[in-house]
Amino acid sequence: MKGAHVLAAFVLLALSSSFASAFDPSPLQDFCVAINDPKDGVFVNGKFCRDPMLATANDFSFSGLNIPGNTSNKVGSNVTLVNVDKIPGLNTLGISLARIDFAPYGGLNPPHTHPRATEILVVLEGTLYVGFVTSNPNRLITKVLNAGDVFVFPIGLIHFQFNIGQTNAVAISGLSSQNPGVITIANAVFGSNPPINPYVLTKAFQVDKNVVNYLQKQFWVNNQ
């Protein structure tokens, strides 16, 4: 009887494993051009799909990535994101792109995370100090990159890029999601709407409440 119970448990485990993996992670069609009008559309990955016969080259292209972003802000950087909102044909394809411009020495893409994407970055111009922090116990992994160097930021981990050169810097990032999302840490913690109760932040950061109040009153830059 005991053997029968073990066999039954094994069969159930095998069945549950097969059910868990019984899905197709890839699109079931060539493409799904995103549209905002639901009329005659099919809802896939948060977007409605255009009739494939009506798709054009414009649904799969974007112009302007050669134009430098405006870095005249407090952090000295600008991110030009090319995601499904810019190229409708990216819908369901699981990929997007960004150009990141940095002002001379001190241009910073501040610590942030992409909840839905791994990022691979290549430096086109300049010198960047980049890094990410692992999950607990929070190990910092950093490297100085020059033109032609590549670095990977794993999905969900806090990471940054900082221009340590005397000239402008430019990088291109590939992201493993059509809509990777971004959470800029300082903005989220001190600039949320409505604000986080200052006593929560005072306890979390072990600082005086006046420091938290000061930080919550700052204008937090969105460089996207």
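Contact means heavy atoms within 4.5 Å. Keep that cut-off in hand for these exercises on a predicted model.

**Exercise 1. Find the neighbours of Leu 121 and place Leu 121 in its core.**

Step 1. Set aside residues up to four places away in sequence. Leu 121 then touches Ile 100, Leu 145, Asp 149, Val 150, Phe 151, Phe 153, Gln 161, Ala 171, Ile 172 and Ser 173.

Step 2. Turn to the largest nonpolar core, which has 17 residues. Leu 121 is one of the members that touch the most other members. Phe 102, Leu 128, Val 130, Leu 145, Phe 151 and Phe 153 also belong to that group.

Step 3. Look for the strands behind this core. Strand 5 (96-102), strand 7 (119-125), strand 8 (128-133), strand 10 (150-153) and strand 12 (169-175) each supply at least two residues.

Step 4. Apart from this core lies another, of five residues. Ala 34, Val 82, Ile 87 and Leu 90 are among them.

**Exercise 2. Give the strand order of the open sheet and name its edges.**

Step 1. Five strands form the sheet, in the order 9-8-11-6-13. Their pairing is antiparallel.

Step 2. An edge strand here pairs on one side only. That picks out strand 9 (140-145) and strand 13 (183-184).

Step 3. Check one edge. Strand 13 pairs with strand 6 (residues 108-113) over two bridges. Thr 113 has Ile 183 as its bridge partner.

**Exercise 3. Is Asn 163 buried or exposed, and what does its side chain reach?**

Step 1. Locate Asn 163: strand 11 (residues 158-163) contains it.

Step 2. Buried means under 20% relative accessible area. Asn 163 has 0%, so Asn 163 is buried.

Step 3. Follow the side chain of Asn 163. It reaches the backbone nitrogen of Gly 165 at 2.9 Å. It also reaches the backbone oxygen of Thr 167 at 2.9 Å.

Step 4. List contacts beyond four places in sequence. Asn 163 touches, among others, Phe 102, Tyr 105, Leu 128 and Ala 169.

**Exercise 4. Describe two of the seven aromatic pairs.**

Step 1. Take Tyr 105 and Phe 162. Their centres are 6.0 Å apart, with 70 degrees between the planes. Over 60 degrees counts as edge-to-face, so this pair is edge-to-face.

Step 2. Tyr 105 lies in the loop between strand 5 and strand 6, and Phe 162 in strand 11, so the pair ties together parts 57 residues apart in sequence. Phe 162 is partly exposed, at 23% relative accessible area.

Step 3. Now take Phe 151 and Phe 153. This pair is tilted: 5.1 Å centre to centre, 55 degrees between the planes. Both residues are buried. Together with Phe 132, they form one aromatic cluster.

Definitions and conventions:
Residues are numbered from 1 along each chain as its sequence is written. This is a predicted model: local features need pLDDT of at least 70, side-chain atom pairs count only at pLDDT 80 or more; totals for chains, interfaces and linings use all residues. Side-chain values use heavy atoms; hydrogens and water are left out. A nonpolar core is a set of buried Ala, Val, Leu, Ile, Met, Phe, Trp, Tyr and Cys residues joined through side-chain atoms within 4.5 Å. Buried means under 20% relative accessible area, exposed over 50%, partly exposed in between (1.4 Å probe, protein chains only). Helices (H or I, at least four residues) and strands (E, at least two) are DSSP runs, numbered from the N terminus. Two strands pair if DSSP finds at least two bridges between them. A polar contact is a pair of N or O atoms within 3.5 Å; within protein, one must be able to donate a hydrogen and the other to accept it, and residues adjacent in sequence count only if both atoms are side-chain atoms. Rings of Phe, Tyr and Trp (its six-membered ring) pair if their centres lie within 6.5 Å; planes under 30 degrees apart count as stacked, over 60 as edge-to-face and the rest as tilted.
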